[in-house]
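Please work through the exercises below with the sequence and the coordinates side by side. Each task is followed by a solution that goes step by step.

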Amino acid sequence: MDKLSYAWGLAMGHQLKGMGMNSLNVEDFKDAVKSVYDGSEPAMNIDEAQKLIQEYLSDLQNKAEEAAKAAGKKFLEENKSNADVKETASGLQYVVEKEGTGAQPTAEDEVTVHYTGRLLDGTVFDSSVNRGEPATFPLNRVIPGWTEGVQLMKEGAKYTFFIPSDLAYGPQGIPGAIPPHSTLIFDVELIKVVKK
């Protein structure tokens, strides 16, 4: 039981730290757990505790979202000063790595592409290249930054897209992969266009 108790403490500690709880009064934590197990009077009731936790997590999330928005805005502002970077009216930025000579898609077409998607810190969150198999999908069924950007390409082209959050996954992000309000970077090779 001693080992199991320690294991639970270790697991809870890692979970709390992973949620952004970077400091914790371990004695108070221990006293609260003890009150549950020995039946003594806790310093607050469970409803108060849950409300306090919810407010803390909400505040933490708001701060993270504001930081992500600021980081994306700063990145895009600095990025567009690069002579190779072009920007569309929507705010989508891109660099032509290699021009293509084949068909050019419309939003209604289906495309086959190889791509790697990264966060601003370089973390790869998705990659057909790493999977070793290109992806095929209707161009009007993806994020707006992709729908707009890939229409600029011709078969054989390779572009790098810098996609503002509002043209990507916005405030919802993708849990476990893309934080809310993330500006994204995609390396895209347009392999084939199937006209619809």
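The exercises begin with the whole chain and then turn to single residues.

This is a predicted model, in which local features need pLDDT of at least 70 and side-chain atom pairs count only at pLDDT 80 or more, while totals for chains, interfaces and linings use all residues. Residues are numbered from 1 along each chain as its sequence is written, and side-chain values use heavy atoms, with hydrogens and water left out.

**Exercise 1. The whole chain**

Task: State how many helices and strands the protein chain has, and in which order the elements run from the N terminus on.

Solution: Begin with the count, which is 5 helices and 7 strands; helices (H or I, at least four residues) and strands (E, at least two) are DSSP runs, numbered from the N terminus. Next, read the elements from the N terminus on, which gives α-α-α-β-β-β-β-α-β-α-β-β. The radius of gyration of the chain is 23 Å, well over the 16 Å that the globule rule gives for 196 residues, so the chain is more spread out than a compact globule. Here the radius of gyration is taken over C-alpha atoms, and the globule rule is 2.2 Å times the number of residues to the power 0.38. Finally, the C-alpha trace spans about 75 × 35 × 25 Å along its principal axes.

Task: Find what percentage of the residues of the protein chain count as buried, and what percentage of its contacts between residues at least 6 apart in sequence join residues at least 24 apart.

Solution: Of the 196 residues, 31% count as buried, where buried means under 20% relative accessible area, exposed over 50%, and partly exposed in between (1.4 Å probe, protein chains only). For the second part, 68% of those contacts join residues at least 24 apart, a contact being heavy atoms within 4.5 Å.

**Exercise 2. Two residues of strand E3**

Task: Determine whether His-114 is buried or exposed, and which side chain makes a polar contact with its side chain.

Solution: First place His-114 in strand E3, which covers residues 110-118. His-114 has a relative accessible area of 19% and is therefore buried. Its side chain makes a polar contact of 2.8 Å with the side chain of Ser-128; a polar contact is a pair of N or O atoms within 3.5 Å, and within protein one must be able to donate a hydrogen and the other to accept it, while residues adjacent in sequence count only if both atoms are side-chain atoms. Apart from residues up to four places away in sequence, His-114 touches several others, including Val-129, Gly-132, Asp-187 and Ile-191.

Task: Find which side chain is joined to that of Arg-118 by a polar contact.

Solution: Arg-118 also belongs to strand E3, and with a relative accessible area of 22% Arg-118 is partly exposed. The side chains of Arg-118 and Asp-187 are joined by a polar contact of 2.4 Å. The C-alpha atoms of Arg-118 and Ile-185 are 5.1 Å apart in space, although the two residues are 67 residues apart in sequence. Once neighbours within four places in sequence are set aside, the contacts of Arg-118 include Thr-123, Phe-125 and Leu-184.

**Exercise 3. The loop between E6 and E7**

Task: Identify the backbone oxygen that the side chain of Ser-182 reaches, and the sign of phi at His-181.

Solution: Ser-182 lies in the loop between strand E6 (158-163) and strand E7 (184-194), and His-181 is found in that loop as well. Ser-182 is buried, at a relative accessible area of 10%, and His-181 also counts as buried, at 12%. The side chain of Ser-182 reaches the backbone oxygen of Pro-179 at 2.6 Å. Leaving aside neighbours within four places in sequence, Ser-182 is in contact with Leu-119, Ile-163, Ser-165 and Ala-168. As for the backbone, His-181 has a positive phi of about 60° although it is not a glycine. Most residues other than glycine have a negative phi.

**Exercise 4. A residue before helix H5**

Task: Work out how far apart the C-alpha atoms of Asn-140 and Glu-108 are.

Solution: Asn-140 lies in the loop between strand E5 (135-138) and helix H5 (144-150), and is partly exposed at a relative accessible area of 42%. The C-alpha atoms of Asn-140 and Glu-108 are separated by 6.0 Å, with their positions 32 residues apart along the chain. Not counting residues up to four places away in sequence, Asn-140 touches Ala-107, Glu-108 and Thr-147.
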